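Subject: Structure handover and notes

Hello,

Please find the structure below, with my notes after it. They run from two loops to a helix, the salt bridges, a sheet and a pocket.

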Amino acid sequence: MNPLLTPLDPWIARKIGQAGPLTREAIEAYQLEKIRETLELVRLKSRFYQKRLNAAPRYISSLSEVAQFPFTTAQDIREQALQFLCVSQGDIQRVVTLDTSGTTGEPKRLYFTKEDQELTIDFFHIGMSTFTATGDKVLILLPCERMGSVGDLLASALQRLGACPIKHGVVRDVSETLDVMRQEQVHGLVGIPTQALALARYGEGIKLKSALLTTDHVPDAIARAVERAWGCLVYNHYGMTEMGLGGGVECHARRGYHLREADMYFEVVNPATGEPLAEGESGEVVFTTLARCGMPLIRYRTGDLSRFIPGKCPCGTTLKTLERVRQRASGQVTLGNQWRLTMADLDEALFSIADTLDFTATISRQTAQNGLQLKVRAVEGTNDNVAGTIEAALKSIPAIQLARAARQLTVRVAVEKTRSVTARPIKRTIKDVRTYA
């Protein structure tokens, strides 16, 4: 067997009852049957889908026919979360409330049964085995105080693997977390990209085997900085609460996420039209749950932009490979009349600066000109010219340069030198504020 092969391959073969080597035909036959079962379940039990699917086909004969079904959106969940349930509220073991990232809308609430959470633990167990060995100490820098939280489920998965989980929680004090890393002599960690970066900037002398970064897209510049600081390999995990926390994880080849295709069916669609896109074409990631009993989701729009990478992964897996998500549909703005700026552009430029810890970006819209405000957190004791270094880095972004040259953009940079970090997981994006009528 190829030593690079993702452990998800044999795991999924077992889940779908495939005795021999895993094949695409077997995966897709299984997915089709599970989608049929899920559609039957939600039509019988979910008040939301009883209405939403009223005009949808009663039966599908191929996976391509899934495109005939309407999408489910974040707004649907905000407005009608309880209407999604296919079980009684007494059967729900965990409710997760997600804030709306600063908007005035209602929060999203996701409901999970004990069986739903077991699916997540199972995926975490197998996914972590890619780079975690028996006896490894793994520092969990994710919410883990409550039973059933992401960090708690991950700890259960690591215990099944024979590893030693250390439930620390999100980073609130950089020095305190670094002390734990040194005292425990951890082999790896799982955490939020910008928090891991802050630890790497201040954590001289620490060596790790691996770091798994999750909860938000992972800029290449952050991965490079963490690997240089700790001599480790950085792996990307793809997931969101709506997926049941886990969607896919990289193998040793680290060229994209291999997906938990026995638990979810993934599509990539045109963000504007909703039309399915061919392999290799970039669009919005959409998924349908295949095995969830509490709150199944049909064609949920994630807002994440990616594509299925054509061709075989070097690890030899039969599973699809989803390219690393680098931005969300909401993470891009138009400067002036025509130039598009993405969060990924800013990430690569600013996180490549050795002193940068984190930043926020806000676009203010005025009648004739746009304004870009960058609030950058930098390492304590860094030189006084960090603002100049940032200004020079921005020149590598064509959209900013062209909009400034056309006098349609102004840029302001504010620098704070600090050891503090953002204390809760959030999806980083460009805030777009319109100040004109």
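Where is the place of L245? It is in the loop between strand 7 (233-238) and strand 8 (248-250). Helices (H or I, at least four residues) and strands (E, at least two) are DSSP runs, numbered from the N terminus.

Two notes on provenance come before the rest. This is a predicted model, in which local features need pLDDT of at least 70 and side-chain atom pairs count only at pLDDT 80 or more, while totals for chains, interfaces and linings use all residues. Residues are numbered from 1 along each chain as its sequence is written, and side-chain values use heavy atoms, with hydrogens and water left out.

**Backbone and loops**

Most residues other than glycine have a negative phi. L245 has a positive phi, near 85°. L245 is also buried, with a relative accessible area of 18%; buried means under 20% relative accessible area, exposed over 50%, and partly exposed in between (1.4 Å probe, protein chains only). R407 likewise has a positive phi, near 60°. R407 lies in the loop between helix 12 and strand 19 (409-418), and at 69% relative accessibility R407 counts as exposed.

**Helix 12**

The buried residues of helix 12 are A399, I400 and A403. They cover an arc of only 95° around the axis, so they sit on the same side of helix 12. The arc is that of the directions from the helix axis to the C-beta atoms. P398 and A405, on the other side of helix 12, are exposed.

**Salt bridges**

How many salt bridges does the structure hold? There are 26, a salt bridge being a side-chain nitrogen of Lys or Arg within 4 Å of a carboxyl oxygen of Asp or Glu. Three of the pairs are described here.

Helix 12 takes part in one of them: E391 forms a salt bridge with R404, with the closest N and O atoms 2.7 Å apart. E391 lies in helix 11 (residues 386-394) and R404 in helix 12 (residues 398-405), so the pair ties together parts that are 13 residues apart in sequence. E391 is partly exposed at 24% relative accessible area, and R404 is partly exposed at 26%. Elsewhere, K15, D122, R260 and D263 are joined into one network by salt bridges that share partners.

R299 and E267 form another salt bridge, and their closest N and O atoms are 2.9 Å apart. This pair links distant parts of the chain, 32 residues apart: R299 is in the loop between strand 11 (283-289) and strand 12 (300-306), and E267 is in strand 10 (residues 264-269). R299 is buried at 1% relative accessibility, and E267 is buried at 6%.

The side chains of K34 and E37 also meet in a salt bridge (3.2 Å, N to O). K34 and E37 are three residues apart in helix 2 (residues 24-45), which means that about one helical turn separates them. K34 is buried, with a relative accessible area of 19%, whereas E37 is partly exposed at 37%.

**Sheet**

Strand 10 also belongs to an open sheet of four strands, with the order 10-11-12-14 and antiparallel pairing. Strand 10 and strand 14 (327-328) are the edge strands, each pairing on one side only. Two strands pair if DSSP finds at least two bridges between them. Strand 12 and strand 14 pair in the antiparallel sense over two bridges. D304 stands opposite R328 in strand 14.

**Second largest pocket**

On a 1 Å grid over the protein atoms alone, a pocket is an open set of points where a 1.4 Å probe fits, with protein on both sides within 12 Å along at least five of seven lines; lining residues have an atom within 4 Å of a point. The second largest pocket holds about 250 Å³ of space, where grid points are joined across faces, edges and corners and the volume is the space filled by probe spheres set on the points.

Which residues lie nearest the centre of the second largest pocket? They are Y265, F266, E267, L277 and K320, out of 16 lining residues. Helix 2 and strand 10 are the elements that give two or more residues to the lining. Strand 10 gives the largest share, four residues. By class, the lining has nine nonpolar, two polar and five charged residues. Ala, Val, Leu, Ile, Met, Phe, Trp, Tyr, Cys and Pro count as nonpolar, Asp, Glu, Lys and Arg as charged, and the others, Gly among them, as polar.

Regards
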